[in-house]
Amino acid sequence: MFAQPDRAGFLPLAQLPALVARLMALGYQCLGPVVEQGAVVMRALESPDDLPRGLQAEQAPGHYRLTSDPHKRYFAWANGPQAIKPLTFAPQESLWRVERDDAGGLQFAAVTPPVARQAIIGVRACDLAALALQDAHFLREGRRDPHYAQRREQLFLVAVQCAVPAATCFCASTGDGPTPTAGYDLALAELADGFVAAAGSDRGEAVLNALNLAPATAQQIEAARQQGQSAAAAQTRSLPSRNLRDSLMNQLEHPRWDDVAARCLACGNCTAVCPTCFCHAEADAPALDGATSRHERIWDSCFVEGHGHLHGFNVRPDIRTRYRQWLTHKLATWHDQFGRSGCVGCGRCIAWCPVGIDLTEEVAALTAGGPP
Ligand code: SF4
Ligand code: SF4
């Protein structure tokens, strides 16, 4: 259950727009689920009444279709192709610009445009876990990324418990869901007539206090707890709960890498949708008159051939070595970097892989012999 269930309030269904209105009144641009090109994405809400009801997402390897939730819940869709990552780690942005001064010298300037305060409504537990990993990368001591940091500081996170996980979800096995336990400002668990609502920060508490909610009853809190347990039990996919570092690093010549390479298109979809992937490329974009140039950062992928180029040769010349790099970084060497696996069990890489490659199946095949 949430971090402080004993201090939770109860937000009746009809009052959900009041929560959004409160956040808007505080100056937040509110982002919530919006259907775009057949998928749920986080976009700015025009008004507090814009949150859609009754959306559900059917997901399977290589498959994502919106369906209808017969109970008309607000948050019955498990997740869409993206959540927080593009809002903090921009797909493309200028890091700095350089221009020639009158004396012919070069003047460098940081490019840090002002960012809006953003409240995201409907963040999932897996997304919060992924954000904590992105924080560990972009905000690490001595290497704080100013672009990421300024957007991260402006976020207000309204998390929701997943009551209807997709068939691709396995956050229960990675320990990251389906109920949010940390990293949110507010957390909601949707019941038939309203939401158990708990604060996870002082500003979250201030928002809840302004709504004058009645305390959640013991029955409501118990119903939310049971809902989380049922959602965890409904997940059919899993990763082994043990640290897979040695199991995978001892299998670098396993024939399964050839098998998956024969299916993988090296399209990079899995890295684009993965909420923890942070690889990027940098390039200069000079103006045609030669007077100025912008230094751009663009999302990159270990599946792109150029990502493996090192001074005259390519360390990952084929799809076998690129897929192996992705999986062994995500699930093995991530432990060396960040003290945990880089997978939060969101299942996006499974649903959005055009050929339906399922990392839980690949891991099962690669580690079939058990721990090393
Ligand atoms: S590896 Fe796949 S399931 Fe794990 S966090 Fe990334 S996209 Fe989600
Ligand atoms: S595993 Fe799937 S999504 Fe990832 S690069 Fe290969 S084909 Fe694309």
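This passage walks through the strands, helices, unusual backbone spots and ligand sites of a predicted model.

Let's start with the bigger picture of the first sheet. Eight strands come together in an open sheet, in the order β3-β2-β8-β9-β10-β11-β1-β12, and the pairing is mixed. At the edges sit β3 (39-44) and β12, each of which pairs on one side only. Helix α3 (residues 125-138) packs on this sheet, where it touches β8 (118-123) and β9. The direction of α3 makes about 145 degrees with that of β9. Another helix, α7 (residues 218-233), lies across β1, β10, β11 and β12, and runs at about 90 degrees to β10.

Now for the pairings, going along the sheet from the β3 end. Strand β2 (residues 29-36) runs antiparallel to β3, and six bridges join the two. One residue pair to look for is Pro33 with its bridge partner Met42 in β3. These two strands make a hairpin with two residues between them. Further along, β9 (residues 155-160) and β10 (residues 186-191) pair in the parallel sense, over three bridges. Here Ala159 has Ala187 of β10 as its bridge partner.

At the other end of the sheet, strand β1 (residues 9-12) has a partner on either side. With β11 (residues 194-199), β1 pairs in the antiparallel sense over four bridges, and Phe10 is matched with Val196 in β11. With β12 (residues 214-215), β1 also runs antiparallel, joined by two bridges. In that pairing, Gly9 has Pro215 of β12 as its bridge partner.

The second sheet has four strands. This sheet is open too, with the order β7-β6-β14-β13 and antiparallel pairing. Strands β7 (106-110) and β13 (280-286) each have a single partner strand, so one side of each is left without a neighbour in the sheet. On average, neighbouring strands here are turned by 20 degrees against each other, ignoring direction. In the middle of the order, β6 (residues 92-100) and β14 (residues 292-299) pair in the antiparallel sense over seven bridges. Two arginines meet in this pairing: Arg97 has Arg294 of β14 as its bridge partner.

A couple of backbone oddities are worth a look. Most residues other than glycine have a negative phi, and most peptide bonds are trans. Gln37 is not a glycine, yet its phi is positive, at about 50 degrees. Gln37 is found in the loop between β2 and β3, in the turn of the hairpin. The peptide bond joining Gly177 and Pro178 is cis, with omega at about 10 degrees. Pro178 belongs to the loop between α5 (171-174) and β10.

Finally, there are the two ligands. Ligand 2 takes up the space of the largest cavity. Around ligand 2 there are 13 residues, and the closest are Cys264, Leu265, Cys267, Cys270 and Cys353. Sorted by class, the shell around ligand 2 has 11 nonpolar and two polar residues, with no charged ones.

The space taken by ligand 1 is the second largest cavity. Residues surrounding ligand 1 include Cys274, Cys343, Cys346 and Cys349, along with Phe170, Pro275, Trp326 and Lys330. Val344, Gly345, Gly347 and Leu359 are also among the residues around ligand 1. The shell of ligand 1 has nine nonpolar residues, two polar ones and one charged one.

Key
Residues are numbered from 1 along each chain as its sequence is written. Chains are lettered from A and ligands numbered from 1 in the order in which they are written. This is a predicted model: local features need pLDDT of at least 70, side-chain atom pairs count only at pLDDT 80 or more; totals for chains, interfaces and linings use all residues. Side-chain values use heavy atoms; hydrogens and water are left out. A residue is near a molecule or strand if one of its heavy atoms lies within 4 Å of it. On a 1 Å grid over the protein atoms alone, a cavity is a set of points where a 1.4 Å probe fits but cannot get out, and a pocket is an open set with protein on both sides within 12 Å along at least five of seven lines; lining residues have an atom within 4 Å of a point. A molecule sits in a cavity or pocket if more than half of its atoms lie within 2 Å of its grid points. Ala, Val, Leu, Ile, Met, Phe, Trp, Tyr, Cys and Pro count as nonpolar, Asp, Glu, Lys and Arg as charged, and the others, Gly among them, as polar. Two strands pair if DSSP finds at least two bridges between them. Contact means heavy atoms within 4.5 Å. Axes are lines fitted to C-alpha atoms, for helices over the stretch in contact, and angles run from 0 to 180 degrees between N-to-C directions.
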